[in-house]
Amino acid sequence: MNLIFLGPPGSGKGTQAVRLAEEKSLVHLSTGDVLRAAVKAGTELGKKAEGFMTRGELVPDDLIISLIEEKIAAGDLKNGFILDGFPRTVPQAKSLDEMFKKNRITLDKAILLEVGDAEILKRIKGRAEKEGRADDTEEVIMNRLEVYRKQTQPIEDRYREQSVLVTIPGENTPDNIFAAVVKAVS
Ligand code: AMP
């Protein structure tokens, strides 16, 4: 099973993606996690990405696209996957379509968790206190939300047209959302 998880920051997509990956034995690939690890390790990628991340902006497409290309080339995605946090722009989504075609990968579903802005702000403030992520301040979060609405939301149409988009209301308990997610992919 090959899946993409979509949703604004704080929609719970990371939590749900990890849980579903475990349940269905899929590889969970979070570009945010890969980038945070790269920043921590001080790699070239990390050095290039850090400034964008702390400002709540998107890292340039070419960096992220090559990261995914490497994962596909290494065979990391061959037994089923959940992409979490990628694609996030129209050019990324177009490149991913091409990568899928070239490697004969079929996308089964794009799962969209829908959560309103007020609820997101509330959740992220809680997460900032718990995890201390550098990009969880209110100002940065407002920026990340705006970036999501402007740059990422347009890709929903692409998956709607491919008839793979499933929208799940994300303002619910994690267990109820998970039940809806499981139902959507079965
Ligand atoms: P996330 O953990 O998915 O919220 O990602 C944290 C940050 O990493 C984002 O705010 C971006 O700066 C960067 N990032 C993660 N995935 C992508 C992507 N697909 N394209 C561009 N930037 C990304």
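So, helix α2, residues 31-41: that's the element giving the largest share of the shell around the ligand, with 4 residues. Keep in mind that this is a predicted model.

Okay, the ligand itself. In total, 16 residues surround it, and the closest are T31, E57, G85, Q92 and R144. What's the mix by class? The shell has 6 nonpolar, 4 polar and 6 charged residues.

Now some contacts. T31 puts a polar side-chain atom 2.8 Å from a ligand nitrogen. With E57 it's the backbone: an N or O atom there sits 2.6 Å from an oxygen of the ligand. And R88 uses its side chain, where an N or O atom is 3.0 Å from a ligand nitrogen. How much of the ligand ends up covered? On its own the ligand has 480 Å² of accessible area, and the protein covers 96% of that.

Let's move on to helix α5, residues 90-102. How far apart should its ends be? Well, α5 has 13 residues, and at 1.5 Å a residue that should span 18 Å; the end C-alpha atoms are 18 Å apart, so the two agree.

Remember Q92, one of the closest residues to the ligand? Q92 is in α5 and it's buried, along with A93, S95, L96, D97, M99 and F100. What do those buried residues pack against? That would be β1 (2-6), α4 (61-73), β3 (81-84) and α8 (155-161).

Last, the two ends of α5. T89 caps the N-terminal end, with a side-chain oxygen 3.1 Å from the backbone nitrogen of Q92. After the helix comes R104, and its phi is positive, near 50°.

Technical notes. Residues are numbered from 1 along each chain as its sequence is written. This is a predicted model: local features need pLDDT of at least 70, side-chain atom pairs count only at pLDDT 80 or more; totals for chains, interfaces and linings use all residues. Side-chain values use heavy atoms; hydrogens and water are left out. A residue is near a molecule or strand if one of its heavy atoms lies within 4 Å of it. A polar contact is a pair of N or O atoms within 3.5 Å; within protein, one must be able to donate a hydrogen and the other to accept it, and residues adjacent in sequence count only if both atoms are side-chain atoms. Accessible areas come from the Shrake-Rupley method with a 1.4 Å probe; for residues, only the protein chains shown count as cover. Helices (H or I, at least four residues) and strands (E, at least two) are DSSP runs, numbered from the N terminus. Ala, Val, Leu, Ile, Met, Phe, Trp, Tyr, Cys and Pro count as nonpolar, Asp, Glu, Lys and Arg as charged, and the others, Gly among them, as polar. The expected span of a helix is 1.5 Å times one less than its number of residues. Buried means under 20% relative accessible area, exposed over 50%, partly exposed in between (1.4 Å probe, protein chains only). Contact means heavy atoms within 4.5 Å.
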